[in-house]
Amino acid sequence: MLNFTIRRLILAVPTLLFISLVIFLLLELAPGDPMAQVPLTVPPEVKEKMREALGLGQPMHIRFWKWIVQFFWIEPQVLVDSMFGTTFSEGDLRVISWQTRSPVMDIVVQRIPQTLWVVGTAYVVAILIAIPIGIYSAYRQYSWFDQMGTFVSMVGFSVPPFFSGVLVIVIFSVQLGWFPSIYDTTLVVNSWDSFVVQLKQMIMPVMVLALQITAQLSRFMRASMLDNLNQDYVRTARAKGLSEYTVVMVHVLRNSMIPVVTVIALGIPAIFGGAIITEQVFKVNGIGQLLIGAIQANDLPMVQTLTFIFAVLIVVFNLIADVLYGILDPRIRYD
Amino acid sequence: MTNKDRTDTLVPDEGLAPASTALPTADVLEELATPPRSQWRDVWDQFKTHKGAMLGAVLFIFIVVAVYLGPYLWTIDPTQIDIRSRNQGPNWGHPFGTDQLGRDIMARMMAGGQTSVSVGITAMLLALFLGSFVGVLAGFFRRLDGPLMRLTDLFLALPLLPLLLVMMLLFREPLSAAFGLERGIFILIVCAIGITSWMPTARIVRGDVLAIKEREFVLAARSIGTSNSKIITRHILPNVLSPIMVSATLGIATAIITESALSFLGLGFPPDFPTWGRLLFDGVDYLQQYPERVFWPGLAISLTVLSVNYLGDGLRDALDPRIRGR
């Protein structure tokens with residue numbers, strides 16, 4: 001198992017390097033000048049100085065190396081410093097945002113909790129809804145419940161979040177006035193009333209995100225249960241005289257959870273990506289909105305860092321899914 | 001299937017079999033009289049039994065026809081500004097109402113649908129071409145398998161939506177300068193979606209090619225000296241057509257959603273050039289007064305994607321010989 005994990009870890013390194021190179025080159029080779037916004041009255045030699053101050057003077061490979069060092073060496077040091085009060089990173093240059101002239105990572109750290117709250121809750125809610133639906137639809141295959149489940153998940157696949165989000169805003173906050181349409185991140189939860197307000201403003205974004213995840217997960221859970229329900233060991237278990245509950249909820253469920261658990265792990269980074277749109281609809285100021293803002297303001301270091309964070313999430317969760325699969329299903333380990 | 005039956009019944013005529021089977025029985029004769037059924041006929045018969053898929057196909061064809069032929073019947077120019085009749089509700093002159101500049105929303109929906117559907121189909125074709133190309137090469141030539149599949153894995157690990165947004169940001173100006181505003185952005189969006197969505201097709205096609213490559217008919221073709229390119233085009237490609245068709249339908253759905261998402265985030269087509277995503281985005285500003293402006297484009301996107309998804313579902317069942325005839 002350790003061997004397997006180490007092999008996967010080693011494979012992840014070139015993947016990350018390749019992705020960072022793609023992101024870097026994409027931004028590098030693209031036309032567009034960061035000095036385009038500077039007034040024309042600024043003399044060319046001053047512009048050249050400004051360019052150097054932004055770190056644009058050096059050749060491409062050196063800048064790529066510097067960016068890698070900043071991201072993988074200096075930023076973790078900063079993290080350690082802020083956690084333990086040490087001074088490893090003193091005097092080192094960090095990735096600076098062109099919008100705010102402050103370190104990119106500081107802004108990202110401010111934004112991540114909002115995203116995590118909304119996305120995390122949505123994911124948990126979706127899993128809690130999807131798994132029972134999947135189990136029951138598989139157990140009563142082709143029943144009206146199953147047909148309904150198929151239809152609802154088809155709709156969940158097909159209705160994009162920017163429409164379902166707007167639709168729930170129209171219904172629940174414009175027409176009925178139950179929930180606020182804008183997510184207020186300055187709210188401090190310190191009493192029962194503020195908790196209720198927080199709950200109210202979270203319901204709509206969480207439901208919109210959860211609808212999509214539920215649609216995919218419940219279909220997957222159903223397919224996985226169906227694969228297992230016809231296996232010989234199920235017949236054996238029934239023949240032994242085990243109760244139907246034990247057969248389905250213990251024997252079948254445990255085996256069919258193996259692929260589902262890995263799909264859940266694989267889906268987490270995709271949710272962060274998908275949350276970009278939901279954050280935009282409900283005005284949640286998480287990292288998705290930060291990315292959109294940075295793109296519109298042409299803030300390349302911020303865009304680079306955020307895109308790379310998304311890539312790191314994907315690689316890490318792929319790794320986790322692989323290892324989880326290896327732990328849960330011993331057959332996978334010996335390939 | 002029919003060919004095999006025929007040879008079985010023809011054998012007795014050569015006089016080698018016992019006399020009792022020399023005369024074909026009545027139902028064999030009947031079967032001989034009916035022309036052999038082609039594979040596509042069987043597929044169609046199976047497809048017809050899937051109600052959702054039929055409904056999806058009809059709906060999709062209806063949407064495509066309405067969007068492309070509709071402007072010939074409904075001749076109001078979608079960009080014509082009539083400020084005096086702005087913000088109208090649905091009426092006989094404007095069945096979907098007018099927007100804040102008095103432009104007819106029904107005409108704009110048709111124009112937007114043309115863009116959305118053609119972006120969807122073109123991007124799907126590009127992704128399909130790339131995916132099948134990579135998949136066939138990786139499956140057929142063992143030496144290319146490793147590198148190409150590693151490349152596919154690397155592409156799968158890219159954060160797609162952020163990268164698409166970055167591509168929109170960076171290449172919008174030069175491409176619209178080179179090809180004109182609308183065509184430049186069309187090319188950009190189609191290429192961006194195509195380049196970022198070929199990986200699932202490549203994986204499926206590779207898996208099928210790996211299995212088909214080992215079959216006897218490929219060996220037979222090789223033994224009579226057929227070149228690799230001929231084997232691929234005549235023997236491999238027709239056999240991997242069904243997974244390619246299924247991923248084509250799903251590809252249209254994802255491409256339409258991606259294009260609308262980009263337009264919704266304000267990074268798609270320019271404001272005066274309607275697409276469904278753009279209309280939805282513009283409608284959000286008037287959400288409180290005129291919620292129907294958000295509703296129509298959103299419904300159009302959702303219905304198109306839903307119909308295409310059902311179509312793909314039915315197609316997958318119909319093309320799978322294990323399910324067919326059950």
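**Exercise 1. Find what share of the contacts in chain A with a separation of 6 or more comes from residues 24 or more positions apart.**

Start with the criterion: two residues are in contact if their C-beta atoms, placed from the backbone, lie within 7 Å. Next, keep the contacts in chain A with a separation of 6 or more; residues 24 or more positions apart account for 70% of these.

A word on the input: this is a predicted model, where local features need pLDDT of at least 70, side-chain atom pairs count only at pLDDT 80 or more, and totals for chains, interfaces and linings use all residues. Residues are numbered from 1 along each chain as its sequence is written, while chains are lettered from A and ligands numbered from 1 in the order in which they are written.

**Exercise 2. Describe Lys283(A) by its location, phi and exposure.**

First, locate the residue: Lys283(A) sits in the loop between helix H9 (244–282) and helix H10 (287–296) of chain A. Helices are DSSP runs of H or I with at least four residues, numbered from the N terminus. Then check the backbone: Lys283(A) is not a glycine, yet its phi is positive, about 55°. Finally, count neighbours: Lys283(A) is partly exposed because it has 13 C-beta neighbours inside 10 Å (buried takes 20 or more, exposed 12 or fewer, with C-beta atoms placed from the backbone).

**Exercise 3. Work out how many residues each chain brings to the contact, and which helix of chain B gives the largest share.**

Chain A brings 37 residues and chain B 33. On the side of chain B that touches chain A, H7(B) gives the largest share, 11 residues.

Terms used: Helices (H or I, at least four residues) and strands (E, at least two) are DSSP runs, numbered from the N terminus.
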